Amino acid sequence: MKVLVIGGGAREHALCRSLSQDPAVTELHCAPGNAGIAQVATVHPVDQLDGAQVAALAGRLGAALVVVGPEAPLVAGVADAVRAVGVPVFGPSAAAAQLEGSKAFAKDVMAAAGVPTARSYVCTTAAEAAEALDAFGAPYVVKDDGLAAGKGVVVTSDREEALAHAAACERVVIEEYLDGPEVSLFAITDGTTVVPLQPAQDFKRALDGDEGPNTGGMGAYSPLPWAPAGLVEEVLETVLQPTVDELRRRGTEFSGLLYAGLALTSRGTRVIEFNARFGDPETQVVLARLRTPLAGVLLASANGTLDQLEPLRWDEGAAVTVVVASEGYPAAPRTGDPIEGLAEAEADGTAFVLHAGTRTDEDGRVLSAGGRVLSVTATGSDLAEARERAYAAVDRISLKGGQHRTDIALKAATA
């Protein structure tokens, strides 16, 4: 089949890499793509928020499946536009993508479905925000109601900082702080059947020891040796399936990737947030361990035939990804610097480099073109081996002012 992937980050590179290894995929295209994706797929210039453009491209290519990667095109209705021209698409409708597009909508769905989550208030004025902060006390959790590229959440013990973030947003959700480790669990669904993937953990803070500002994610690993037995089954039963069922009951069927960000609190598992797409950088490690060919799984979601799918097959080992970010990320990322050592990083076959923010210049050099530049990913028999391989590959890459965390998966690998 011919497959078109929409997006241009490391998540889409991970998707394209897996799809390029699927024997069923005869042609692979990506729009707009990046310098790394261009090595495994034919890239096309497109406004990824313009549903008509994307649908027209899918038609010209004769795509049998369109995979929409980022959240902004989903919320903008790109999947709807593609479905309207009769092309199967992996990704929810604009209405269903409000599960990520609006924190308030997600809270409403969770309440109706009986999904365990933090108590919260939706606030639109400074007075409401102040009252909500006082009701819960520190640490304060303030979330922009809309899309914010993974950086719309402030968790702080500084009340003034919390109020300032609330004031900068049109509408916020202020909620109680959830203690305990966090887990990312993806599930593929066709609106009825829900197929969970393997859990992962990501690292949101910019600096070692979970210090520094919030980012889109600085690394991830899978599996989670410390996770309680039966966690995936529990979350499927209490979170994922009830949410999909509630959306279908509302006439807003959700098909695509449902991402549950979870906190394993002292009072049980709670949902921190939902996303309507593969997470970045967790996708990099989850897909690295998936042995079932990807295209058929995504097509079954698009066609409503997930109940006919064979159980997914997984590598028994581990995967670790380390994000290499540009100087100044996340506040003021520097771009346009050459990246060297990419081939060397992959030379021994134990690691691979997924491009996030890159482009090529007229001389064919790969340059940085974003805040998060690369996701260096490795697999191994266990987390310690995967981690060692990932960092060995990072050490072979040169980017002026480049930064990365040195503690991705460290605790889990040495526990």
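**Exercise 1.** Which cysteine sulfur is closest to the sulfur of Cys30, and why is there no bond between the two?

Solution. The model is predicted.
- Step 1: the closest cysteine sulfur to that of Cys30 belongs to Cys16, at 4.1 Å.
- Step 2: a disulfide needs two cysteine sulfur atoms within 2.5 Å.
- Step 3: the sulfur atoms of Cys30 and Cys16 are therefore too far apart for a bond.

**Exercise 2.** State how many disulfides the whole structure has, and place Cys169 in that result.

Solution.
- Step 1: searching the whole structure gives zero disulfides.
- Step 2: Cys169 is in no disulfide, and its nearest cysteine sulfur, in Cys123, lies 11 Å away.

**Exercise 3.** Decide whether Cys30 and Cys169 are buried or exposed.

Solution.
- Step 1: a residue is buried when its relative accessible area is under 20%.
- Step 2: Cys30 has 0% relative accessibility, so Cys30 is buried.
- Step 3: Cys169 has 12%, so Cys169 is buried too.
- Step 4: for the protein chain, 56% of the 415 residues are buried.

**Exercise 4.** Compare the radius of gyration of the protein chain with that of a compact globule.

Solution.
- Step 1: for 415 residues, a compact globule would have a radius near 22 Å.
- Step 2: the protein chain has 20 Å, which agrees.
- Step 3: the C-alpha trace spans about 55 × 45 × 40 Å along its principal axes.

**Exercise 5.** Describe the secondary structure and the contacts of the protein chain.

Solution.
- Step 1: the protein chain has 14 helices and 24 strands.
- Step 2: take the contacts between residues at least 6 apart in sequence; 68% of them join residues at least 24 apart.

Technical notes
Residues numbered from 1 in each chain as written. Predicted model: local features only at pLDDT ≥ 70, side-chain atom pairs only at ≥ 80, totals over all residues. Heavy atoms only, no water. Helix = DSSP H or I, 4+ residues; strand = E, 2+ residues; numbered from the N terminus. Rg over C-alpha atoms; globule rule 2.2 N^0.38 Å. Buried < 20%, exposed > 50% of the residue type's maximum accessible area, 1.4 Å probe, protein only. Contact = heavy atoms within 4.5 Å.
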